[in-house]
Amino acid sequence: MTTTATQDPRETPGAGRPAGEHASSSGTAGASGAPGAALAVLPGVLASALAWTDAHRTRFALPDDVLEPHTQVNATLKPLGELAQLGSTIRRTTAPGAPEHELAGDLVAYAWKQLHEGALLLELLRAEPFAAYPYEIYAAFAGYGLRHEGFEALARPLTATRAWAHTEQHANRQLGLVNSERRVGVVTHTDAGGVLSRTWLGGLSEPWMFEGPSGYALTHTVFHLTDWGRMPDRVPGKIDGYLRTWLPAWADGCLESGQWDLTGELLAVAASLPGPAPAELLDAVWPVLADVQHPTGCVPETGVPVQDPAPDPYPFIDCYHSTLVTAFAAALSLRSLRQTDARTDETTPGRERHTP
């Protein structure tokens, strides 16, 4: 990916929205948003992104030849696995009975059905016992409570092999495998702390060295470390401080270059930190991303937002991930901000309790 754009997308604030639906968002993370600006847009952003995903659920369906060697994993199983992973997190993060809670659960159930309740993953594991991706996709469901006895019976001896423990991969990917093992409930093949120290983020790299690939490595390090935002307390203090210091600058750069997908992932990271939500950052960035979101609910990965009112203004492959990430980050941000408000209510004498 690139980190520059030929046109500043902020030159057309609100390009993806009808006039007046959101306030103008010409500011970036470098400028403070109005207090409460994130909470003002987040419920609509979440509902709209999930509605788009639901309307396009058949685009996540697996082809009949998914088990054939020529089938592209990144265009078939990867999107479905992301639907399951991010959908299950949204389900766990939202309140029972809320429309978004129910819809997210329905999308996870749809993804599980596409995998024949795990039987298809078992066939993949038999065909590629050396591959980690069937296990990682399965772990997204196992962490949610959906399991397949046959898959786990075969995976158990495979994950105990020397080859599994010594698979050569980037540190943040290895951290993802450790988290998958935790979700399935087996002994991890290595210590997560040792792996974390070898990541770009764990090394507290010079912040000015941030660019696209390191940005995605950083966000996924946090996702794997916290089990996709569910366990913020797993973030060590030094990393928490480092992220709180530099996330605003990185988000600002992503906004300036129109990197909406990475912006969403950085917002999800901000909402996955322990303790109080970084409200100033969320208030500054969320209104901008809300203006980028198309009225249908989709969000492009990169570039100047289109003003086309068509039902599908972007190719599916160019917006499905960024739309899912936006919904995921919105759910986490709502949780983080509301928890911060609740803690403030409990510690401020005479303040009336209120949940937006």
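Reader: What share of the 356 residues in the protein chain is buried?
Author: Keep in mind that we're looking at a predicted model. A residue counts as buried when its relative accessible area is under 20%. Across the 356 residues of the protein chain, the buried share comes to 54%.

Reader: And how many helices and strands does the protein chain have?
Author: Walk along the chain from the N terminus and each element you meet is an α, right through to the end. That fits the tally for the protein chain, which is 14 helices and zero strands.

Reader: Of the contacts between residues at least 6 apart in sequence, what share joins residues at least 24 apart?
Author: Start with a pair you can find yourself: A95 and R335 sit 240 residues apart along the chain, yet their C-alpha atoms are separated by 9.6 Å. Now take the contacts in the protein chain between residues at least 6 apart in sequence. The share of these that joins residues at least 24 apart is 72%.

Reader: While we're at A95, is it buried, partly exposed or exposed?
Author: A95 is in the loop between α2 and α3. Its relative accessibility is 47%, and the partly exposed class runs between 20% and 50%. So A95 is partly exposed.

Reader: Let's look at α2 itself. How many of its 17 residues are buried?
Author: Helix α2 covers residues 77-93 and reaches 24 Å from its first C-alpha to its last, close to the 24 Å expected at 1.5 Å a residue. The helix is mostly covered. Its buried residues number 14 of 17.

Reader: Which helix gives the most to the largest nonpolar core?
Author: As a general rule, nonpolar side chains in soluble globular proteins tend to be buried together. Here the largest nonpolar core has 102 residues, and L77, L115, L243, L247, L266 and W286 touch the most other members. The helix that gives the most to this core, with eleven residues, is α14 (residues 320-347).

Reader: Which residues is L77 in contact with, leaving aside neighbours within four places in sequence?
Author: L77 is one of the core residues that touch the most other members. It's also where helix α2 (residues 77-93) begins. Leaving aside neighbours within four places in sequence, the contacts of L77 are L62, V66, L115, L120, L124, Y133 and I137.

Reader: Now for the empty space. Which residues lie nearest the centre of the largest pocket?
Author: The largest pocket has a volume of about 1,100 Å³. Helices α2, α5, α8, α10, α12 and α14 each supply at least two residues of its lining. Among the 38 lining residues, the ones nearest the centre are K78, E82, R173, H220 and W228.

Reader: How do the residues of that pocket's lining divide by class?
Author: The lining of the largest pocket mixes three classes. Its residues divide into 16 nonpolar, 14 polar and eight charged.

Reader: What about the second largest cavity: how many of its lining residues are charged?
Author: There are three cavities of 30 Å³ or more, and the second largest holds about 40 Å³ of space. Its lining is made of S88, R92, A140, G143, Y144, R183, D227 and R230. Asp, Glu, Lys and Arg count as charged, so R92, R183, D227 and R230 fall in that class. By class, the lining has two nonpolar residues, two polar ones and, for charged residues, four.

Reader: Is T159 buried or exposed?
Author: T159 is in the loop between α6 (149-158) and α7 (162-165). Leaving aside neighbours within four places in sequence, T159 is in contact with Y135 and W164. Its relative accessible area is 15%, and the cut-off is under 20%, so T159 is buried.

Reader: Where is E117, and what is its phi near?
Author: E117 is in the loop between α3 (99-114) and α4 (119-127). E117 is partly exposed, with a relative accessible area of 41%. Its phi is positive although the residue is not glycine, with a value near 55°.

Reader: Last one: which residues does P236 touch, not counting those up to four places away in sequence?
Author: P236 is in the loop between α10 and α11 (237-256), and at 33% relative accessibility it counts as partly exposed. Its C-alpha is 9.5 Å from that of L273, 37 residues apart in sequence. Not counting residues up to four places away in sequence, P236 touches L196 and L225.

Definitions and conventions. Residues are numbered from 1 along each chain as its sequence is written. This is a predicted model: local features need pLDDT of at least 70, side-chain atom pairs count only at pLDDT 80 or more; totals for chains, interfaces and linings use all residues. Side-chain values use heavy atoms; hydrogens and water are left out. Helices (H or I, at least four residues) and strands (E, at least two) are DSSP runs, numbered from the N terminus. Buried means under 20% relative accessible area, exposed over 50%, partly exposed in between (1.4 Å probe, protein chains only). Contact means heavy atoms within 4.5 Å. On a 1 Å grid over the protein atoms alone, a cavity is a set of points where a 1.4 Å probe fits but cannot get out, and a pocket is an open set with protein on both sides within 12 Å along at least five of seven lines; lining residues have an atom within 4 Å of a point. Grid points are joined across faces, edges and corners, and a volume is the space filled by probe spheres set on the points. The expected span of a helix is 1.5 Å times one less than its number of residues. A nonpolar core is a set of buried Ala, Val, Leu, Ile, Met, Phe, Trp, Tyr and Cys residues joined through side-chain atoms within 4.5 Å.
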